[in-house]
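The following exercises are to be worked through with the sequence and the coordinates at hand. Each task is followed by a solution in steps.

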Amino acid sequence: MTQKRIVIVGGGTAGWLTAAYLSRNLPGAGRPHGWAITLVESPDIGAIGVGEGSFPTLRSTLATLGRSEAEFLRASHATFKQGVRFVDWAAGPTPGSGADDYFHPFNLPFGGDAPGLLPFWLDSASDPARPAYADAVTAQERVIRAGRGPKRAQDPDFDGPMNYAYHFDAARLADFLRDVATSNGVERIEATIATVDRTEQGGIAAVRAADGGPAIAGDFFVDCSGFRALLIGDTLGARFKSVEDVLFNDRAIALQIPHERPDTPIAPYTLATAHEGGWIWDIGLIDRRGTGCVYSSRHMSDDEAEAVIRRYAGPAEKGLQTGRLQFRTGYREQQWIGNCMAIGLSAGFFEPLESTGIMLIEVAARMLAEMLNGPVDRAALEGAARNFNRQMPARFDAIVEFLKLHYAVSRRADTAYWRDNTDPASWPEGLRDKIAQWRRRLPSRFDFVVDHETFLPPSWAFILHGLGFGTQAGAGAFAASPQDGADARTAFDRVRQAGAQAVDALPDHRALLDHYQRQN
């Protein structure tokens with residue numbers, strides 16, 4: 001058996017994360033009878049390091065790469081992320097109405113995936129002292145609001161008392177992953193691909209650089225060429241399914257704001273603040289805040305969006321340059337055709353509301369590593385492609401529903417953007433069905449196909465009840481005896497105590513990051 005070659009077209013986070021993961025986790029990678037991995041990276045296209053977020057799955061992915069957490073944190077200018085804080089999403093900024101502010105934390109609520117304390121929390125709606133849902137059922141909201149990190153310096157790499165992900169500089173992360181991959185035998189070729197050679201069967205035989213160099217042949221190709229989708233779209237003709245009728249946002253304006261002082265506190269969460277035509281991300285890195293205005297060009301002009309982000313930044317915006325991004329919201333209906341798979345932006349893109357982009361890269365890379373395990377013939381590849389093309393679009397569709405939920409049950413009606421988002425005509429059918437049922441009952445695991453879901457039922461509950469979703473559900477259907485209510489009150493007390501203990505035990509977020517930065 002001769003060695004086969006995987007050719008990854010495109011670098012950036014998608015290309016280098018795929019290469020690094022495959023080099024460590026694809027059985028036989030780099031061996032004489034296994035897979036050789038080549039990545040072709042254009043010198044003309046660089047990653048945009050505006051400050052990005054991730055999902056907790058990234059910890060387990062990084063743990064397979066053979067590098068320490070401290071090394072990753074230093075190289076990527078990374079910080080810890082324990083969830084997302086949403087401001088002005090429920091009712092909008094109304095003077096004198098109090099805070100419109102809720103959290104989607106990464107910790108599961110007390111009771112895990114079961115209804116747990118939710119029905120009893122719903123029944124306490126008349127109590128003026130009732131805490132927010134996330135605060136009532138997890139210790140993490142209190143930790144986040146206190147500015148604490150998710151772990152202590154002595155905790156093991158990629159693990160800690162609180163569930164967490166990361167924020168990072170995308171360009172620096174790509175550099176880190178490039179070093180991991182090339183150290184593990186991945187060949188890097190610097191070239192801008194101009195043409196693609198096809199096989200007699202219609203697959204891809206090789207790619208050719210614009211400078212007329214030799215063809216770069218391979219047995220399997222991974223399209224990480226970004227929005228261009230050079231292989232899966234331009235060459236193989238995979239259709240793009242737009243979801244712009246559901247998720248309206250198609251523009252972003254980024255603004256990087258330096259910290260005022262070296263010891264400026266860093267928020268251990270992503271801040272997402274809604275505005276009249278979209279929302280603003282605010283991500284704390286070691287040396288700056290990455291901010292940006294996400295918006296719908298149908299509801300807001302570019303100049304209006306520029307004014308929104310500069311107004312948000314305040315005096316700090318003076319003299320700073322913005323970067324503008326246009327994108328199509330949707331995904332390829334087929335993401336594996338013949339001997340080519342699309343990963344990253346070439347497969348699809350959604351606004352970065354819940355940091356699903358890198359998680360989808362991780363899922364695709366893991367599936368590829370498992371599906372190329374062992375001898376691979378044409379029949380095996382065809383079966384793997386059909387399996388992948390069933391699962392990935394279904395996962396994309398599930399994410400569309402979850403992201404739309406953030407808008408659909410909002411009570412905002414102050415602009416056309418929010419009125420259009422809360423109009424059921426703009427909701428996917430599956431989401432309409434879920435919301436209609438959840439007006440009368442609690443979410444159930446039977447509402448979801450777990451293998452296609454990125455977000456477990458508790459995440460849906462955090463969004464629903466953070467937004468003040470109206471439901472007739474309550475404890476009545478779950479409380480078999482008065483003792484159930486007493487047990488729930490005891491559990492609420494335990495959550496409060498755990499939160500206070502965690503705040504005392506966990507370090508300040510900035511201090512924890514400084515510890516990792518000092519490590520050799």
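**Exercise 1. A strand and its neighbours**

How many of the five residues of strand β5 (residues 83–87) are buried? Then identify the strands that pair with β5 and give the direction of each pairing.

*Solution.* The model is a predicted one.

Step 1. Four of the five residues of β5 are buried, and the strand is thus mostly covered.

Step 2. Strand β6 (residues 101–105) runs antiparallel to β5 and is joined to it by five bridges. Within this pairing, Val87 stands opposite Asp101 of β6.

Step 3. Strand β15 (residues 270–275) runs parallel to β5, with four bridges between them. Here Arg85 stands opposite Leu271 of β15.

**Exercise 2. An open sheet and a salt bridge**

Determine the strand order of the open sheet that contains β10, and name its edge strands. Then describe the salt bridge between Asp197 and Arg208.

*Solution.*

Step 1. The sheet has three strands in the order β9-β10-β11, and the pairing is antiparallel. Its edge strands, each paired on one side only, are β9 (193–198) and β11 (216–217).

Step 2. Two bridges hold the antiparallel pair formed by β10 (residues 204–209) and β11. Ala206 has Ala217 of β11 as its bridge partner.

Step 3. Asp197 and Arg208 form a salt bridge in which the closest N and O atoms are 2.7 Å apart. Asp197 belongs to strand β9 and Arg208 to strand β10, so that the pair, eleven residues apart, links distant parts of the chain.

Step 4. Asp197 is partly exposed, at a relative accessible area of 23%. Arg208 is also partly exposed, at 33%.

**Exercise 3. Salt bridges involving helix α9**

Compare the settings of two salt bridges, Glu276 with Arg311 and Glu306 with Arg310. Which residues form the network that includes Glu306 and Arg310?

*Solution.*

Step 1. The side chains of Glu276 and Arg311 meet at 3.8 Å, N to O. Glu276 is in the loop between β15 and β16 (278–284), whereas Arg311 is in helix α9 (residues 302–313); the two are 35 residues apart, and their salt bridge links distant parts of the chain.

Step 2. The accessibility of this pair can be classified next. Glu276 is partly exposed, with a relative accessibility of 33%. Arg311 reaches 55% and counts as exposed because the cut-off for that class is over 50%.

Step 3. For Glu306 and Arg310 the N to O distance of the salt bridge is 2.9 Å. Both residues lie in helix α9, four residues apart, or about one turn of the helix.

Step 4. Glu306 has a relative accessibility of 13% and counts as buried because this value is under 20%. Arg310, at 21%, is partly exposed.

Step 5. The network of salt bridges links Asp250, Arg251, Asp302, Asp303, Glu306, Arg310, Glu317, Lys318 and Arg324. A search of the whole structure finds 34 salt bridges.

**Exercise 4. The crossing of two helices**

At roughly what angle do the axes of helix α1 (residues 12–25) and helix α10 (residues 356–371) cross? Characterise the contact between the two helices.

*Solution.*

Step 1. The axes come within 10 Å and cross at roughly 35°. The crossing of α1 and α10 is right-handed.

Step 2. On the α1 side, the contact is made by Thr13, Ala14, Leu17, Thr18, Tyr21, Leu22 and Asn25. On the α10 side, it is made by Ile358, Ile361, Glu362, Ala365, Arg366, Leu368 and Ala369.

Step 3. These residues divide into nine nonpolar, three polar and two charged.

**Exercise 5. Positive phi angles**

What is the sign of phi at Phe158 and at Ser355? Locate both residues and state whether each is buried or exposed.

*Solution.*

Step 1. A reference is needed: most residues other than glycine have a negative phi.

Step 2. Phe158 has a positive phi of about 60°. Phe158 lies in the loop between α6 (140–145) and β7 (165–168), and is buried at 11% relative accessibility.

Step 3. Ser355 also has a positive phi, near 55°. Ser355 is in the loop between β22 (348–349) and α10, and is buried at 10% relative accessibility.

How values were computed:
Residues are numbered from 1 along each chain as its sequence is written. This is a predicted model: local features need pLDDT of at least 70, side-chain atom pairs count only at pLDDT 80 or more; totals for chains, interfaces and linings use all residues. Side-chain values use heavy atoms; hydrogens and water are left out. Axes are lines fitted to C-alpha atoms, for helices over the stretch in contact, and angles run from 0 to 180 degrees between N-to-C directions. A crossing is left-handed if the near helix is turned anticlockwise from the far one by less than a right angle, and right-handed if clockwise. Contact means heavy atoms within 4.5 Å. Ala, Val, Leu, Ile, Met, Phe, Trp, Tyr, Cys and Pro count as nonpolar, Asp, Glu, Lys and Arg as charged, and the others, Gly among them, as polar. Two strands pair if DSSP finds at least two bridges between them. Buried means under 20% relative accessible area, exposed over 50%, partly exposed in between (1.4 Å probe, protein chains only). A salt bridge is a side-chain nitrogen of Lys or Arg within 4 Å of a carboxyl oxygen of Asp or Glu.
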